[in-house]
Amino acid sequence: MFIATLVSDQEAASGLELLNTPFMINALIAGTLIALASGAIGYFVLLRDLPFATHAVAHIGFPGATLAVLLGVSAVFGLIAACTIGGLAIGAMGHRARNREVVTGTVLAFATGLGILFNSLGSAQTNLLTNLLFGNILAITTDQVVVFAVIVAIVLAVLALIGRKLLFASVDPDVAAARGLNTRALSAVFLVAMSLIIAISVTVVGVLLIFALLVTPAATAIRLTAKPTLVVALASVIALVSVWGGLIVATYQPWPPSFVITTIACVFWVLLPQLARLRGPVAAPQIATQTASS
Amino acid sequence: MHDVAVHRGKRLIWSNATFDVPVGSFTAVIGPNGSGKSTLVNLLLGGIKPSTGSIDVLGAPTRTGNPEIGLVPQNHSLAHAGSILCRDLVALGLAGTRWGVGLHGRDLAATVDEALAAVDAQSFGHLRFGEVSGGQQQRISIAQALITKPRMLLLDEPLSGLDLAGQVDIVELVHHINHERGVTVLFVTHDLNPLLAHIDSLIYLIDGTPEFGMVDDVVDSGLLTRLYGTPVQVTRSADGCVFTRTE
């Protein structure tokens, strides 16, 4: 129903038939691409203690998008440029910034303020604001899908190449550096990859709901399994189910997809670890005896 | 190490360091907080360069990524390492410097099993690093350091946060590794007591210069009182052990 309101011929537009409309196909492809990348990115975001940084980078992307529109460029390119700069800035601040939530929060607020300024100087579209803040997966164009596919392919290829080194540098930075890994370079490469995926994820769930796609699925998966490759795969599946679920539910209900996507991700986060505990009570007692016997 | 001085930024950490640590020895590195113990570790790992002088480790100049030196870092951060399996953390010590993804492979698994067995950690290798006790975490860290079959082991405050029994366990384990494998051990600590029964020598950092000495020659009330900045007494018991006591 939410989607039906966007289609001019409302009589013909109902239920699953909508899945064949061009904007729905774009939405499904874009959502799938982002879900595939968000599993791996989300895992390293958690390992590297960067959840707040993802939030900050998304907010820094916001003025980039409104400035781009003000200058007559596509909002997506503004997002990509500003997020990447934001990610690199966080990398440049290094360990000092990670614990300084006040610094990050202040920059985040300032960026959001700038975003509103640029928007008011331009067309002052509330539509643009809503789409940026809360996402609008149904507004994704075919051109954007192509850009997303290229970005996701590059990011996944890079992560496939550096994954093991990045894992070592993330969980064990001191030993990784001692063993000769360039932890700073790995960090910079990851932050750029993360920023690119944040930029394109903003189009789906928006600046304010970025957590639901980039952090929550990985946080759910990491509680279910400890194997790095499994966490990544599971997180991607959870993100994928959230996005597809959001789109399908939106064909029947008068709810925006962003709401359904975030809700599914949150429900998984709450319920899946509980279900896993019910099914296999192995983990907890074993830990207790191991610790006691040491 | 010959006439080495080291700076962090513009601040002189220590200087005039000239000593040789015998290969195969078990040496404690001791000094007050901020005296540059971790700097010494970092220097040996090639992470920082001396501002003057020269250092050779195992017959070669220091360099980063030397697999002949195993590091047990000060504290594995549980926020970062806590979620992964103990055995995966050990596996990263070997495979973590290679391109690609995944920690699979039969060869790797066998090598990890071997490293876990060397520190008697087979029973908890399958648990998450954050779920095991502090002493077990140190065993895993040591297994990780041993997996490259290093000729030298650097341990940076491995006893911090452990109770007395846990401290004795780790010291016994390190002694065993030193003794059985002939691995040269540098053991950074701020408390000498748990180590005294096993170390041959120590490097002590006081007044801006690291100095080296054999235990029997240098451990006396005068040195320890200078080190700790509080009166310390040395007592020799019948079985040759030395105990120090703060009054």
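Here are a few worked exercises on helix packing, burial and backbone angles in this predicted model.

Housekeeping: residues are numbered from 1 along each chain as its sequence is written, and chains are lettered from A in the order in which they are written. Local features need pLDDT of at least 70, side-chain atom pairs count only at pLDDT 80 or more, totals for chains, interfaces and linings use all residues, and side-chain values use heavy atoms, leaving out hydrogens and water.

**Exercise 1.** Work out how H2(A) and H5(A) are oriented to each other, and which residues make the contact.

Step 1: find the helices. H2 of chain A covers residues 51–70 and H5 of chain A covers residues 126–134; helices are DSSP runs of H or I with at least four residues, strands are runs of E with at least two, and both are numbered from the N terminus.

Step 2: check the axes. They come within 11 Å and cross at roughly 150°. Axes here are lines fitted to C-alpha atoms, for helices over the stretch in contact, with angles from 0 to 180 degrees between N-to-C directions.

Step 3: classify. H2(A) and H5(A) are therefore roughly antiparallel (under 35 degrees is roughly parallel, over 145 roughly antiparallel, 65 to 115 roughly perpendicular, the rest oblique).

Step 4: list the contact (heavy atoms within 4.5 Å). H2(A) brings Phe62(A), Ala65(A), Thr66(A) and Val69(A), and H5(A) brings Leu128(A), Leu129(A), Leu132(A) and Leu133(A). That spacing is easy to read: an α-helix has 3.6 residues a turn, so residues three or four places apart point the same way.

**Exercise 2.** Do the same for H3(B) and H4(B), up to the orientation.

Step 1: H3 of chain B is residues 86–95 and H4 of chain B is residues 106–118; their axes come within 9 Å and cross at roughly 115°.

Step 2: H3(B) and H4(B) are therefore roughly perpendicular.

Step 3: the contact includes Val90(B) and Leu94(B) from H3(B), and Leu108(B) and Val112(B) from H4(B).

**Exercise 3.** Decide whether Arg164(A) is buried or exposed, and list what it touches.

Step 1: place Arg164(A) in helix H6 (residues 142–171) of chain A.

Step 2: at 16% relative accessibility, Arg164(A) counts as buried (buried is under 20% relative accessible area, exposed over 50%, partly exposed in between, with a 1.4 Å probe and protein chains only).

Step 3: look across to chain B. Leaving aside residues up to four places away in sequence, Arg164(A) touches Leu92(B), Ala95(B), Gly96(B), Arg98(B), Trp99(B), Gly100(B), Val101(B), Gly102(B) and Leu103(B).

Step 4: back in chain A, Pro228(A) is 64 residues from Arg164(A) in sequence, but 9.6 Å away in space, C-alpha to C-alpha.

**Exercise 4.** Place Leu58(B) and Lys149(B), two non-glycine residues with positive phi, and give the exposure of each.

Step 1: phi of Leu58(B) is near 50°. Leu58(B) sits in the loop between strand S5 (56–57) and strand S6 (60–61) of chain B, and with a relative accessible area of 21% it is partly exposed.

Step 2: phi of Lys149(B) is also near 50°. Lys149(B) is in the loop between helix H5 (134–146) and strand S8 (152–156) of chain B, and at 52% relative accessibility it counts as exposed.

**Exercise 5.** Say how H1(B) is covered, and what follows it.

Step 1: in H1 of chain B (residues 37–44), 6 of the 8 residues are buried, among them Leu40(B) and Val41(B).

Step 2: just after H1(B), Gly46(B) takes a positive phi of about 80°.
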